[in-house]
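Let's take a friendly walk through this chain. Have the sequence and the 3D view open as you read.

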Amino acid sequence: MPSQRSERPVTRFRPPGRIHHVAIVVSALDGALPLYRDLLGLPLETIMDIPTDRVRIAFLGVGESRIELVEPTDDTTGVARFLAKQGEGFHHVCFEVADLAEELTRLGIEGIELIDSAPRKGAEGPVAFLHPRSCHGVLVELIEAPSGPAWRSLGYPA
């Protein structure tokens, strides 16, 4: 008896390379670092200000992935509103993809609501965000793998 599948056909795509990072919103990096760096022993890789997003971030290594601590530096940003409403905690997951523009096109065609319809500059490479409404309540960030096509177009060093 033939199957009566009403699902859409599966679109062939390249799965994400890895979880690049998991982001946690904190009220202050200085208050959060003692837990993650000192008590949990995660090596601190970098602390940087991201003026375009009005946040200060810290990356800590864990295996082949990272934990990103995100501190808002402006009370009017989405991150600050998230902190005020939800408190400190999980903010987003970031997956590494080979070709960010291609992936955004594919996801848009599949009906995923895009926050960013094109790659933009991020702290560690080209990034784009997918809306939580399309991702079962989770904010998803995609980052292009090093030396991907968007790196050059956004002016990252070769």
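## Salt bridges

A salt bridge here is a side-chain nitrogen of Lys or Arg within 4 Å of a carboxyl oxygen of Asp or Glu. Please keep in mind that this is a predicted model. By this rule the count comes to 10 salt bridges. One of them joins the side chains of Arg66 and Glu45, at 2.5 Å from N to O. This pair links distant parts of the chain, with Arg66 in strand S4 and Glu45 in strand S2 (residues 44–50), 21 residues apart. Glu45 is partly exposed, with a relative accessible area of 42%. The pair also belongs to a wider arrangement: Glu45, Arg66 and Glu124 are linked in a network of salt bridges.

Two further pairs are worth a look. The side chains of Arg56 and Glu71 form a salt bridge at 3.7 Å, N to O. Arg56 lies in strand S3 and Glu71 in strand S4, so this pair ties together parts that are 15 residues apart in sequence. Arg56 is partly exposed at 24% relative accessibility, whereas Glu71 is buried, with a relative accessible area of 15%. Asp116 and Arg120 also meet through their side chains in a salt bridge, at 3.3 Å from N to O. Here the acidic partner, Asp116, is buried at 13% relative accessible area, while Arg120 is partly exposed at 25%.

## A buried glutamate without a salt bridge

Which side chain of opposite charge is nearest to the buried Glu141? The answer is Arg120, 6.1 Å away, and Glu141 has no salt bridge. Since a salt bridge needs the nitrogen and the carboxyl oxygen within 4 Å, that distance is worth checking in the viewer.

Glu141 lies in strand S8 (residues 139–144). Its side chain makes a polar contact with the side chain of His21, at 3.1 Å. Leaving aside neighbours within four places in sequence, the contacts of Glu141 include His92, Val93, Cys94 and Phe95, as well as Val127, Ala128 and Phe129.

## Strand S7 and its partners

Is strand S7 (residues 126–130) mostly covered or mostly open? Five of its five residues are buried. Both faces are covered, with Pro126, Ala128 and Leu130 on one side and Val127 and Phe129 on the other.

S7 pairs with S8 in the antiparallel sense over four bridges, and Ala128 stands opposite Leu142 in S8. Strand S6 (residues 120–121) also runs antiparallel to S7, joined to it by two bridges. Lys121 has Pro126 of S7 as its bridge partner. S6 and S7 form a hairpin with four residues between them, and Gly125 in the turn has a positive phi of about 145 degrees.

## Helix H2

Which residues of helix H2 (residues 78–86) are buried? They are Val79, Ala80 and Leu83. Seen down the axis of H2, the buried residues fall within an arc of 100 degrees, so they line one face of the helix. An α-helix has 3.6 residues a turn, so residues three or four places apart point the same way.

The buried residues of H2 pack against four strands: S1 (18–25), S3 (55–62), S4 (65–72) and S5 (89–97). On the face turned away from the buried side, H2 carries the exposed residues Arg81, Ala84, Lys85 and Gln86. Gly87 follows H2, and its phi is positive, near 85 degrees.

Terms used
Residues numbered from 1 in each chain as written. Predicted model: local features only at pLDDT ≥ 70, side-chain atom pairs only at ≥ 80, totals over all residues. Heavy atoms only, no water. Buried < 20%, exposed > 50% of the residue type's maximum accessible area, 1.4 Å probe, protein only. Arc of directions from axis to C-beta. Contact = heavy atoms within 4.5 Å. Lys, Arg positive; Asp, Glu negative; His and termini not counted. Polar contact = N/O pair within 3.5 Å; in protein donor to acceptor, adjacent residues only side chain to side chain. Pairing = 2+ DSSP bridges.
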